[in-house]
Amino acid sequence: MRNNLRRFIIALLAMLAISLCCLPTEGLGQTPTKTLKVMIDPGHGGEDPGSEGSQGVTEKDITLALANRLAQVMEATEIISPELVRTGDYSMSLDQRAGLANHNHGDLLISLHLGTTFTAAPRGFSIYYWSPTAASPAATSPSSTVRPWDQQQEPYWEKSRMLASLMQEELLWSIPWASGGVLAADIYLLARVRMPAVMLELGSLNHPEEAAQLQKPEFQEAVAKAIIQAIIKYRSLDEKGLLLPPTKSQ
Ligand SMILES: [Zn+2]
């Protein structure tokens with residue numbers, strides 16, 4: 001009788017252990033959050049150095065360093081999953097970049113660039129988004145049922161504008177030079193991506209002060225944190241339905 005009881009208790013404990021092992025991890029107090037996939041596009045690369053500063057520093061190298069730093073800080077948030085459009089020093093066309101971002105189903109795209117200044121005064125940083133009014137008249141027939149390749153951004157442009165404004169608000173705190181503003185422009189890459197997208201022109205390599213800052217890891221990290229802060233705010237507004245829904249036309 002005692003043996004039977006012991007066997008029964010052992011069996012019970014074994015069953016309990018098995019059921020605990022096999023419990024699904026969800027529902028144990030962890031609220032599953034959908035990670036946001038952010039495509040980071042480091043401008044230029046390979047034979048195309050972009051703008052150049054003194055001592056051989058090039059835009060393609062700084063944008064890649066910034067992209068790597070941004071990806072690193074994003075990964076640490078565990079709610080943003082970064083993916084680099086260009087991962088090394090090689091050439092890539094704008095169509096290839098847009099194609100990759102669309103194919104990999106990014107939720108957002110951030111293209112990193114630096115500007116050029118021709119005066120001693122810093123030109124500041126600017127944030128660009130695509131808009132139908134800034135775009136040149138469509139070359140493709142509007143009667144087509146398939147959205148033309150150069151108008152992929154159209155359903156997302158208002159979200160892109162919101163993202164650009166949030167980026168400006170956050171970057172003002174981490175970039176010591178003035179803001180050149182949030183600007184609508186017919187940017188080739190942005191027009192072709194199927195997700196909210198912005199292009200950041202963070203500073204100028206031929207301006208000595210800006211060039212020096214842009215190469216500093218602390219500066220790159222501050223910029224990365226500001227970008228992430230803007231993305232987190234964007235996501236929170238989007239989840240609350242406070243961003244405009246994608247539109248079919250302007
Ligand atoms: Zn550039």
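Of the 250 residues in this protein, 37% count as buried, and I should say at once that we are looking at a predicted model. Reading along the sequence, we meet seven helices and six strands, and they follow the pattern α-β-α-β-α-β-β-α-β-α-β-α-α. If we take the contacts in the protein that have a separation of 6 or more, 80% of them are accounted for by residues 24 or more positions apart.

Let me turn to the interior. The largest nonpolar core has 57 residues, and those that touch the most other members are Met167, Val198 and Ile227. Which helix gives the most to this core? That is helix α7, residues 217-239, which supplies nine residues.

I would like to stay with Met167 for a moment, which is found in helix α4. Is Met167 buried or exposed? A residue counts as buried when 20 or more other C-beta atoms lie within 10 Å of its own, and Met167 has 24 other C-beta atoms within 10 Å, so Met167 is buried. If we set aside the neighbours up to four places away in sequence, Met167 touches Ile127, Val198, Leu200, Ile227 and Ala230. One of these partners, Leu200, is 33 residues away from Met167 in sequence, and yet the two are 8.9 Å apart in space, going from C-alpha to C-alpha.

Now to the way in which helices pack on α7, beginning with the helix that holds Met167, namely α4. Helix α4, residues 157-171, packs against α7 at an angle of about 135 degrees, and their axes are 8 Å apart. Angles that are neither under 35 degrees, nor over 145, nor from 65 to 115 count as oblique, and that makes α4 oblique to α7. On the α4 side the contact is made by Met162, Leu163, Leu166, Met167, Glu170 and Leu171, while on the α7 side the residues include Val223, Ile227, Ala230 and Tyr234. The crossing in which α4 passes α7 is right-handed.

The second helix to consider here is α2, residues 59-77, which packs with α7 at an angle of about 55 degrees, with the axes 9 Å apart. These two helices, α2 and α7, are therefore oblique to each other. Among the residues of α2 that make the contact are Ala65, Leu66, Leu70 and Val73, and from α7 the residues include Gln220, Ala224, Ile227 and Ile228. Here α2 passes α7 in a right-handed crossing.

Finally, let us look at helix α3, residues 94-103, in which Arg97, Ala98 and Ala101 are buried. Why do we say that these buried residues line one face of the helix? Looking down the axis of α3, we find that its buried residues fall within an arc of 95 degrees, and so they line one face. The other side of α3 has Asp95, Gln96 and His103, which are exposed. As for what covers the buried residues of α3, this includes strand β1 (36-42), strand β3 (108-115) and helix α5 (188-191). Just after α3 comes His105, a residue that takes a positive phi of about 50 degrees.

Key: Residues are numbered from 1 along each chain as its sequence is written. This is a predicted model: local features need pLDDT of at least 70, side-chain atom pairs count only at pLDDT 80 or more; totals for chains, interfaces and linings use all residues. A nonpolar core is a set of buried Ala, Val, Leu, Ile, Met, Phe, Trp, Tyr and Cys residues joined through C-beta atoms within 7 Å. A residue is buried if 20 or more other C-beta atoms lie within 10 Å of its own, exposed if 12 or fewer, and partly exposed in between; C-beta atoms are placed from the backbone. Helices (H or I, at least four residues) and strands (E, at least two) are DSSP runs, numbered from the N terminus. Two residues are in contact if their C-beta atoms, placed from the backbone, lie within 7 Å. The arc is that of the directions from the helix axis to the C-beta atoms. Axes are lines fitted to C-alpha atoms, for helices over the stretch in contact, and angles run from 0 to 180 degrees between N-to-C directions. A crossing is left-handed if the near helix is turned anticlockwise from the far one by less than a right angle, and right-handed if clockwise.
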